[in-house]
Amino acid sequence: MSELSFADLGLDPAVLEAVAAVGYEKPSPIQAQTIPALLAGKHLLGVAQTGTGKTAAFALPLLSRIDASVMEPQILVLAPTRELAIQVAEAFTTYASKFRNFHVLPIYGGQDFFPQIKGLRRGAQVIVGTPGRMLDHLRKGTLKLDSLKALVLDEADEMLRMGFIDDVEAILAKTPDNCQRALFSATMPPQIKKVAQTYLRDATEVKIESETRTVERISQFVLPVYAERKLDALTRILEVEPLDAAIIFVRTKAETTLLAEKLSARGHAVAPLNGDLNQRQREQTVEDLKRGKKDIIVATDVAARGLDVPRITHVINYDVPYDTEATFTGLAAPAVPVVKARRFCWSRLVSVVGCARLSAPPIRRWNPMNCPRPTL
Ligand code: AMP
């Protein structure tokens, strides 16, 4: 955290009041660097990932620059997933809580067009959405960008990974020339660099070495087990670990339901989270985890991406992840992936690997990171 206070940064008094109400004491490093540049109207290129406070880093200054009495889209945020879009929309609602007559509208695929069109007709100063649906509304003419002051691309590399980059560029091309632009990305692959060079000329660059990536704050261990013993191993981990809430990643939608049923039968408050659930159910599931009605979510990686649930103490990979964030330890075959935590609040990270090829005993403890392990 920096020595600056939020009051030093020149934010709108109503925004400052909202920040005080949320209880943030000091700007995080990315906020200290980003807020002055965005307040000055500059384009911004931020290399940072979720967990660094980047949502407030763009939301606070951009909200300070809009005319809150004008009920037209002035800030547009593109996010890779519905869940992240909703989370960002919620953050904007919090930071704009002292504005009168202020609306944020999340729009994303999978939801009916009608309520979105109704919301757009009613008017909103901030629109947060996934690229495909945003583009649909632009093409239909239901979303107009005449009053747009700023566009934010959040988790740009994720949007690229998920195949949205053409939609993102199509949206960028439709934004007014004088519109301020900010792009945040955890990594800078060439396609993202190209977008930045084309649409964010002379941008201020901010790079935050995220705390999220530091292994010191996360204990990790890997348990190579025979496939048929995976459930036993998982059940034991859930018994012995000091767990508040956990996310268990599996590879398929079907597996989320199957595993959730098995854990539920073993007495855990658990729910699946996958793309087959309707949006309301998905939001409810995350809400239940946040509020402690559920302690475990069994999710596919994409469905759970970018979730911000401070209760989560454990992340368990029940299958070897496909995720590109997986790193391979370089140990002798079979290679064991250790997925990096995506949030600094995740204190422990567990991988359960089912591998029938191993000539090891059914459950073998192994700790490549030389960190605490459970007693199995
Ligand atoms: P983000 O990287 O935007 O997903 O934010 C990660 C978490 O940090 C969220 O739960 C925010 O509410 C919280 N946060 C953001 N800025 C601050 C701050 N200056 N002080 C304390 N917490 C913050």
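Helix α3 contributes three residues to the shell around the ligand, the most of any element. The model is predicted. Twelve residues surround the ligand, and Tyr24, Thr50, Gly53, Thr55 and Ala56 come nearest. By type, the shell holds three nonpolar, seven polar and two charged residues.

**The chain as a whole**

The chain has 376 residues, and 45% of them are buried. Its secondary structure comprises 13 helices and 15 strands. Among contacts with a separation of 6 or more, 74% link residues 24 or more positions apart.

**Helix α4**

Helix α4 covers residues 82-95. Its 14 residues should span 20 Å at 1.5 Å a residue, and the end C-alpha atoms are 20 Å apart, so expectation and model agree. Is α4 enclosed or open to the outside? Ten of its 14 residues are buried, so the helix is largely enclosed by the rest of the structure. Arg82, Glu83, Leu84 and Ala85 are among the buried residues. Further along, Gln87, Val88, Ala89, Ala91, Phe92 and Tyr95 are buried too.

What do these buried residues pack against? Their partners include the helices α1 (13-22), α3 (54-65) and α12 (279-291). Strands take part as well: β2 (75-78), β3 (104-107) and β4 (126-129). Helix α3 thus appears twice in this account, as it also lends residues to the ligand shell.

**Strand β5 and its partners**

Strand β5 spans residues 150-153. Both of its faces are covered. Ala150 and Val152 are buried on one side, and Leu151 and Leu153 are buried on the other. The strand pairs with β2 and with β6, as the table shows.

| Pair | Sense | Bridges | A bridge in the pair |
|---|---|---|---|
| β2 and β5 | parallel | four bridges | Leu78 with Leu153 |
| β5 and β6 (residues 180-185) | parallel | four bridges | Leu151 with Arg181 |

Strand β2 ties the two parts of the picture together: buried residues of α4 pack against β2, and β2 is bridged to β5.

**Confidence**

The mean pLDDT of the chain is 80, and 79% of the residues reach 70 or more. Two stretches fall short of that. Over residues 322-349 the pLDDT stays under 50, and the model gives this stretch 69 contacts beyond four places in sequence. Residues 354-376 also have pLDDT below 50, with 46 contacts beyond near neighbours in sequence. Where pLDDT is low, predicted coordinates should not be read in detail.

Note on methods
Residues are numbered from 1 along each chain as its sequence is written. This is a predicted model: local features need pLDDT of at least 70, side-chain atom pairs count only at pLDDT 80 or more; totals for chains, interfaces and linings use all residues. The expected span of a helix is 1.5 Å times one less than its number of residues. A residue is buried if 20 or more other C-beta atoms lie within 10 Å of its own, exposed if 12 or fewer, and partly exposed in between; C-beta atoms are placed from the backbone. Two residues are in contact if their C-beta atoms, placed from the backbone, lie within 7 Å. pLDDT is the predictor's confidence in each residue, from 0 to 100. A residue is near a molecule or strand if its C-beta atom, placed from the backbone, lies within 6 Å of it. Ala, Val, Leu, Ile, Met, Phe, Trp, Tyr, Cys and Pro count as nonpolar, Asp, Glu, Lys and Arg as charged, and the others, Gly among them, as polar. Two strands pair if DSSP finds at least two bridges between them.
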